[in-house]
Amino acid sequence: SVTFTNYMLLEEQMAYLRRLAQDYPNNVTVESIGQSHEGRDILILKLSSGSSGTSSPKPAIFIDAGIHCREWIAPPVALYAIQQLVENTANAALYANVDWYIVPNLNPDGYQYTTTVNRLWRKNRRLTDGAECYGTDLNRNFGYQWMVGGASSNPCSETFAGPSEFSEPEARAMRDFILDHKDNIKLYVSFHSFGELLLYPWSYAPLLPDNTEELYAVGLRSVQAIEAASVIGSEYTVNNSAIGLYVAAGVTTDWVKAEAGVDLSYIFELPNGDAPWWFMLPARQIRPVVEETWAGIRALYEYVEEKF
Ligand code: 0X9
Ligand code: ZN
């Protein structure tokens, strides 16, 4: 079984998802939402009790991780949530009335590159026509207020937004899945590192959405659950993205809220390693982080279950 005592290779992550689909065929489906630039499947795990009629789709939670491939703690957080939901029978109630869609690694080409060539790679691995540097920042490539701020048109920049909105196959795959399920999805959560922040829209400018009060209050419940569970002293701040961190246009959370109509949209910036190893959280800290973050995910779930 997966123990979260070491970082997993991409193949190990994908093999785990496929094994769950085989072992739990009644509730778990694993499928590809599309291919990465280098032709890897982007796998999604769907978890559903399947017990409600098809006429009234259940509320769903969509979670992704690994958009920025060097942020290695993010995929384990998503995979641990999967393990708890699927393999811990005590959690079966969590998918009785709510469906879960989880993409543990949205940038498989980049992740492979971080394990073989450059541990600090952030973007995907597609070369834009005419560019001298590889990669687009997938978290600048989404098509809402694209390129209005905090994003670069220089392909050599770490925040290169791509030649056009949704130019990247990984971003399109996620867009298409979410649009296909937008009536069900009530909560969107994207895992990144680092900084112990829980951020909500908008990101493209320091503007507050209409439901800011709700986003803040629900976010606070989540981080309080994390802090109560934390054995490593994590302390989160809940804030607007642009005000609490910096302006960044073309991010997933803005697009999901504005264009897919998902009112509850969050990005977690998970804990970091000690300077200068920000993205290189020691393997012994994987377990404490995934366990405490699971408490935060459960708190968000409880709100969805209550409200919808
Ligand atoms: O810059 C990003 O894409 C995210 N931070 S990271 O260090 N993981 O790269 C933050 C995006 C959230 N939006 C804003 N901060 N505006
Ligand atoms: Zn990130």
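Helices (H or I, at least four residues) and strands (E, at least two) in these legends are DSSP runs, numbered from the N terminus. The views show a predicted model, in which local features need pLDDT of at least 70 and side-chain atom pairs count only at pLDDT 80 or more, whereas totals for chains, interfaces and linings use all residues. Residues are numbered from 1 along each chain as its sequence is written, and chains are lettered from A and ligands numbered from 1 in the order in which they are written.

**Overall view of the protein.** The secondary structure comprises 8 helices and 8 strands. The radius of gyration, taken over C-alpha atoms, is 18 Å, close to the 19 Å that the globule rule (2.2 Å times the number of residues to the power 0.38) gives for 308 residues, so the protein is as compact as a globular protein of that length. Along the principal axes, the C-alpha atoms fill a box of roughly 50 × 45 × 40 Å. Burial is counted from C-beta atoms placed from the backbone: a residue with 20 or more others within 10 Å is buried, one with 12 or fewer is exposed, and one in between is partly exposed. On this scale, 49% of the 308 residues count as buried. Of the contacts (C-beta atoms, placed from the backbone, within 7 Å) with a separation of 6 or more, 74% are between residues 24 or more positions apart.

**Close-up of the surroundings of ligand 1.** The shell holds 15 residues, of which His192, Ser203, Ser241, Leu245 and Ala248 come nearest; a residue is included if its C-beta atom, placed from the backbone, lies within 6 Å of the molecule. Helix α6 (241-244) and strand β8 each contribute at least two residues to this shell. By residue class, the shell divides into 8 nonpolar, 5 polar and 2 charged, where Ala, Val, Leu, Ile, Met, Phe, Trp, Tyr, Cys and Pro are nonpolar, Asp, Glu, Lys and Arg are charged, and the others, Gly among them, are polar.

**Close-up of Glu269 in strand β8 (residues 264-270).** The unreviewed UniProt entry lists Glu269 under "active site"; UniProt positions are given in the numbering used here, feature names are shortened, and annotations may be inferred rather than shown by experiment. Glu269 is buried, because 22 other C-beta atoms lie within 10 Å. Not counting residues up to four places away in sequence, Glu269 touches His192, Ser193, Phe194, Gly195, Glu196, Leu197 and Leu199. Within that list, the peptide bond from Ser193 to Phe194 is cis, with omega near 25°, and Phe194 itself is placed in the loop between β5 and β6 (197-200). A further cis peptide bond runs from Pro201 to Trp202, with omega near -5°, where Trp202 belongs to the loop between β6 and α5 (212-229).

**Close-up of His68, in the loop between β3 (60-65) and α2.** With 26 other C-beta atoms within 10 Å, His68 is buried. Leaving aside residues up to four places away in sequence, His68 touches Arg122, Asn139 and His192. His68 and Lys123 are 55 residues apart along the chain, yet their C-alpha atoms are separated by 6.1 Å.

**Close-up of the nonpolar core.** A nonpolar core is a set of buried Ala, Val, Leu, Ile, Met, Phe, Trp, Tyr and Cys residues joined through C-beta atoms within 7 Å. In the largest such core, of 87 residues, those touching the most other members are Leu45, Val77, Ala78, Ala81, Ile82, Trp100 and Ile102. Helix α2 (residues 74-87) supplies the largest share of this core, 9 residues. Apart from this core lies another, of 5 residues, among them Leu10, Cys69, Tyr111 and Tyr113. Not counting residues up to four places away in sequence, Ala78 touches Ile63, Ala65, Ile102, Pro104 and Phe191.

**Close-up of helix α7 (residues 252-259).** Helix α7 is mostly covered, with 6 of its 8 residues buried, namely Thr252, Thr253, Asp254, Trp255, Val256 and Lys257. These buried residues pack against α4 (169-180), β5 (185-193), α6 and β8. Just after the helix, Gly261 takes a positive phi of about 70°.

**Close-up of the loop between α3 (108-116) and α4, which holds Glu158.** Glu158 is partly exposed, with 15 other C-beta atoms within 10 Å, and beyond its neighbours within four places in sequence it is in contact with Arg122, Lys123 and Asp137. In the loop between α3 and α4 also lies Met147, which has a positive phi of about 70° although it is not a glycine.

How values were computed:
Contact = placed C-beta atoms within 7 Å.
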